[in-house]
Amino acid sequence: MTNTIQVREIVLEALLEIFEKGKLCHLVVGQLLQKYQYLEKQDRAFFTRLVEGTIERKITLDYILNQYSKKISVEKMKPVVRTLLRMGAYQILYMDSVPDSAACNEMVKLAVRKGFSGLKGFVNGILRTIAREKEQIVFPKKEQGFIRYYSVVYSMPEWIVEQWLEQYGNECTEKMLIASLEAKETTVRIRTERFQREEIQACLSKEAKVQEIFWYSDAVVLSRYDSLEELKGFQDGVFQVQDISSMMVAEAAGVKKGDFVLDVCAAPGGKSLHIADKLHGTGCVEARDLTEPKIALIKENVERCKIENIKVKRWDALELDKEVLEAADIVIADLPCSGLGVIGRKNDLKYHSSREGQIELIQLQRKILKVVSSYVKIGGTLIYSTCTTNRQENEENIKWFLKENPSFFLEDLTEYLPKKIREAADPLLHLEEQITMGMVRLLQGVFPSDGFFFARLKRKGKNEKLE
């Protein structure tokens with residue numbers, strides 16, 4: 001293993017970029033792993049775990065640190081010092097493989113190395129006290145208020161806890177909070193439209209452990225692999241990384257051979273690729289997005305999967321494209337959202353979101369819907385989806401849209417979703433009722449997927465009455 005202080009110093013570098021400069025975790029982690037390519041596999045795993053874990057548990061860590069730092073709160077500490085304390089506390093409380101003494105000693109060494117030798121006693125004292133008293137740490141009591149209790153125990157901003165309690169109640173909220181801290185599996189869609197199932201199984205089982213998901217035959221969980229991008233199955237386009245909730249969009253779309261499908265916010269392209277596979281080489285999927293990096297990502301996936309019935313185009317979804325007015329059999333509108341359904345996969349997202357941000361997103365979603373719904377041909381289908389749990393971005397947006405666009409109606413999803421999915425329902429989800437209504441809301445921790453919402457909206461044909 002590389003010098004331990006060196007790896008922790010890189011962790012400190014990452015966390016300062018994320019905590020103090022507001023940079024996104026996945027970008028910082030990716031850049032630093034690229035910069036320090038010489039790190040051994042064990043070190044890279046340690047680096048990623050400590051960075052992501054410290055971010056994920058920041059609210060809990062700060063609550064604990066404030067109990068042991070009597071003279072100065074975490075918020076008022078020097079950035080390097082509070083980051084070292086968060087790192088050290090995380091190792092002590094959540095990393096069994098790290099001896100408490102090592103966690104304390106290495107943080108003290110780093111404090112000295114970074115020019116804070118005068119505060120090494122402060123760092124050492126707090127961390128050693130936490131290590132000594134970690135079994136006696138006092139958390140807020142649930143009976144004194146669910147919001148504060150859940151926020152501290154599950155390291156979730158209070159406003160998100162409050163919103164979930166308002167919208168889903170206590171039982172659902174706690175399940176969602178627990179799920180937000182659980183390790184996430186790598187779910188992939190195997191491309192059975194292009195490869196034989198036996199061929200896929202043989203390819204994947206050579207490089208990873210493959211676990212089938214009994215209620216969705218084209219979804220499997222991969223584990224025990226080194227690098228996903230280096231798997232031969234990935235390079236050959238045998239599978240595409242995609243959560244089950246996202247796979248349901250293609251099912252809900254009900255594509256038919258020869259359809260023209262327009263995916264207006266497509267990056268990284270998972271839904272577009274899925275639908276193109278379902279077209280069996282016929283028709284056309286036009287995958288659009290706003291920026292060149294997103295377009296490049298879609299193209300990369302299209303080329304890797306060797307799909308020919310996809311056209312990739314850079315286009316602002318807010319700008320009307322007169323060339324495709326009433327031209328699409330299906331429009332996929334998987335729109336920008338607050339992302340509260342994927343907090344477990346994006347551990348810093350919860351710190352960048354806000355109620356004010358949600359309000360702005362709702363207005364953006366409605367503006368995009370107003371534009372892209374005009375691309376749906378008479379008798380065609382609009383699929384609206386988000387990866388958030390917020391009702392205002394989901395059901396309330398659908399209510400608004402139907403009021404503004406009486407030529408559309410919600411269509412029963414029963415015939416479009418796999419039977420096993422319809423049957424694999426927790427009573428808390430009311431899934432059967434939702435499917436009939438044409439809208440499906442999946443809550444992480446309640447349903448075994450990311451948090452997700454989608455609705456199937458049909459544009460009335462010429463012979464159908466406008467109610």
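1. Is D277 buried or exposed? In this predicted model, D277 counts as buried, with a relative accessibility of 7%, and its salt-bridge partner R191 is likewise buried, at a relative accessible area of 1%. The closest N and O atoms of D277 and R191 are 2.9 Å apart, and the pair links distant parts of the chain, since D277 sits in helix α13 (residues 270-278) while R191 belongs to the loop between β1 (186-190) and α10 (197-205), 86 residues away.

2. Helix α13 also carries K278, whose salt bridge with E251 of helix α12 (residues 244-253) ties together parts that are 27 residues apart in sequence. Here the closest N and O atoms are 3.4 Å apart; E251 is buried, at 15% relative accessible area, whereas K278 is partly exposed, at 22%.

3. The structure holds 35 salt bridges, and those that share partners join E286, R288, K311, K313 and D321 into one network. Another pair is D236 with K232, at 2.5 Å from N to O; D236 is partly exposed at 30% relative accessibility, as is K232 at 47%.

4. Disulfides number zero. The sulfur of C387 is the nearest cysteine sulfur to that of C337, at 3.5 Å, and because a disulfide requires the sulfur atoms to be within 2.5 Å, this pair is not counted as one.

5. The second largest pocket has a volume of about 390 Å³, and among its 25 lining residues those closest to the centre are K184, E185, R345, P448 and S449. By class, the lining comprises nine nonpolar, nine polar and seven charged residues.

Terms used. Residues numbered from 1 in each chain as written. Predicted model: local features only at pLDDT ≥ 70, side-chain atom pairs only at ≥ 80, totals over all residues. Heavy atoms only, no water. 1 Å grid on protein atoms, 1.4 Å probe; cavity = no way out; pocket = protein on both sides within 12 Å on 5 of 7 lines; lining within 4 Å. Points joined across faces, edges and corners; volume = space filled by probe spheres on them. Nonpolar A, V, L, I, M, F, W, Y, C, P; charged D, E, K, R; others polar. Salt bridge = Lys/Arg side-chain N within 4 Å of Asp/Glu carboxyl O. Helix = DSSP H or I, 4+ residues; strand = E, 2+ residues; numbered from the N terminus. Buried < 20%, exposed > 50% of the residue type's maximum accessible area, 1.4 Å probe, protein only.
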